Amino acid sequence: MLEKQQRYRPAIRLFIDTDLTANTVYQCLASQINYLITVLRLQTGSQIAVFNGRHGEWVAEIELLKKKFASCISNPNSGNKVQGLI
């Protein structure tokens with residue numbers, strides 16, 4: 001019996017209200033920035049899952065994380081879309 005290939009799924013999920021595609025930079029909202037820095041204590045380079053309710057869930061990496069600005073980029077090396085999670 002063949003086993004299904006396991007894909008990496010970050011425990012942290014972030015809603016992004018835009019279309020999701022590979023190698024795309026997404027700007028985070030102020031409330032999301034506060035959540036990422038203050039609550040989760042993440043840093044630049046951390047991996048998260050982004051979703052929008054239309055295109056599934058994608059693995060992304062935090063590209064920039066400052067007190068008033070944060071962005072993440074969908075990770076092309078992760079197999080892009082994480083299938084079957086939403």
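## Exercises around Ser71

Ser71 counts as buried, at 4% relative accessibility. The model is predicted. The exercises below start from this residue and move outward.

**Exercise 1. Place Ser71 in the fold and find what surrounds it.**

Step 1. Begin with the whole chain. The protein has 1 helix and 6 strands. Along the sequence they run β-β-α-β-β-β-β.

Step 2. Find the element. Ser71 lies in strand β5, residues 70-74.

Step 3. Check the cover. The cut-off for buried is under 20% relative accessible area. Ser71 has 4%, so this residue counts as buried. The strand fits that picture: 4 of the 5 residues of β5 are buried.

Step 4. List the contacts, leaving aside neighbours within four places in sequence. Ser71 touches Val25, Tyr26, Gln27 and Cys28. Ser71 also touches Glu61, Ile62, Glu63 and Leu64.

Step 5. Take one of these contacts further. Gln27 and Ser71 are 44 residues apart in sequence, yet their C-alpha atoms are 4.4 Å apart in space.

**Exercise 2. Which strands pair with β5, and in what sense?**

Step 1. Take β2, residues 25-27. β2 pairs with β5 in the antiparallel sense, over 3 bridges. Val25 stands opposite Ile73 of β5.

Step 2. Take β4. β4 also pairs with β5 in the antiparallel sense, here over 5 bridges. Leu65 stands opposite Ala70 of β5.

Step 3. Look at the link. β4 and β5 form a hairpin, with 4 residues between them.

Step 4. Put it together. β5 has antiparallel pairings with β2 and with β4.

**Exercise 3. Why do Cys28 and Cys72 not form a disulfide?**

Step 1. Recall the bond. A disulfide is a covalent bond between the sulfur atoms of two cysteines.

Step 2. Compare the distance with the cut-off. A disulfide needs sulfur atoms within 2.5 Å. The closest cysteine sulfur to that of Cys28 is in Cys72, 4.7 Å away, and that is too far for a bond.

Step 3. Check from the other side. For Cys72 the closest cysteine sulfur is that of Cys28, also too far for a bond at 4.7 Å.

Step 4. Check the count. The structure holds 0 disulfides.

Step 5. Add the surroundings. Cys28 counts as buried at 7% relative accessibility. Cys72 is buried too, with a relative accessible area of 1%.

**Exercise 4. Find the buried face of helix α1 and say what packs there.**

Step 1. Recall the geometry. An α-helix has 3.6 residues a turn, so residues three or four places apart point the same way.

Step 2. Pick out the buried residues. In α1 they are Gln32, Ile33 and Leu36. Seen down the axis of α1, the buried residues fall within an arc of 105°, so they line one face of the helix.

Step 3. Turn to the other side. The face of α1 turned away from the buried side carries the exposed residues Ala30, Ser31 and Val39.

Step 4. Name the partners. The buried residues of α1 pack against β1 (13-15), β4 and β5.

Step 5. Step past the helix. Arg41 follows α1 and has a positive phi, near 55°.

**Exercise 5. Describe the largest nonpolar core.**

Step 1. Start with the general tendency. In soluble globular proteins, nonpolar side chains tend to be buried together.

Step 2. Find the best-connected members. The core has 17 residues, and Leu14, Leu36, Leu42, Ile48 and Val50 touch the most other members.

Step 3. Assign the elements. α1 (30-39), β3 (47-51), β4 (57-65) and β5 each give two or more residues to this core. β4 gives the most, with 4 residues.

Step 4. Follow Leu14. Leaving aside neighbours within four places in sequence, Leu14 is in contact with Cys28, Gln32, Leu36, Ile48, Ala49, Val50 and Phe51.

**Exercise 6. How much of the protein is buried, and how far apart in sequence are its contacts?**

Step 1. Count the buried share. Of the 86 residues, 35% count as buried.

Step 2. Turn to the surface. The protein exposes about 5,900 Å², and carbon and sulfur atoms supply 50% of that area.

Step 3. Sort the contacts. Among contacts between residues at least 6 apart in sequence, 58% join residues at least 24 apart. The Ser71 and Gln27 pair, 44 residues apart, is an example of wide sequence separation.

Notes. Residues are numbered from 1 along each chain as its sequence is written. This is a predicted model: local features need pLDDT of at least 70, side-chain atom pairs count only at pLDDT 80 or more; totals for chains, interfaces and linings use all residues. Side-chain values use heavy atoms; hydrogens and water are left out. Buried means under 20% relative accessible area, exposed over 50%, partly exposed in between (1.4 Å probe, protein chains only). Contact means heavy atoms within 4.5 Å. Accessible areas come from the Shrake-Rupley method with a 1.4 Å probe; for residues, only the protein chains shown count as cover. A nonpolar core is a set of buried Ala, Val, Leu, Ile, Met, Phe, Trp, Tyr and Cys residues joined through side-chain atoms within 4.5 Å. Two strands pair if DSSP finds at least two bridges between them. The arc is that of the directions from the helix axis to the C-beta atoms.
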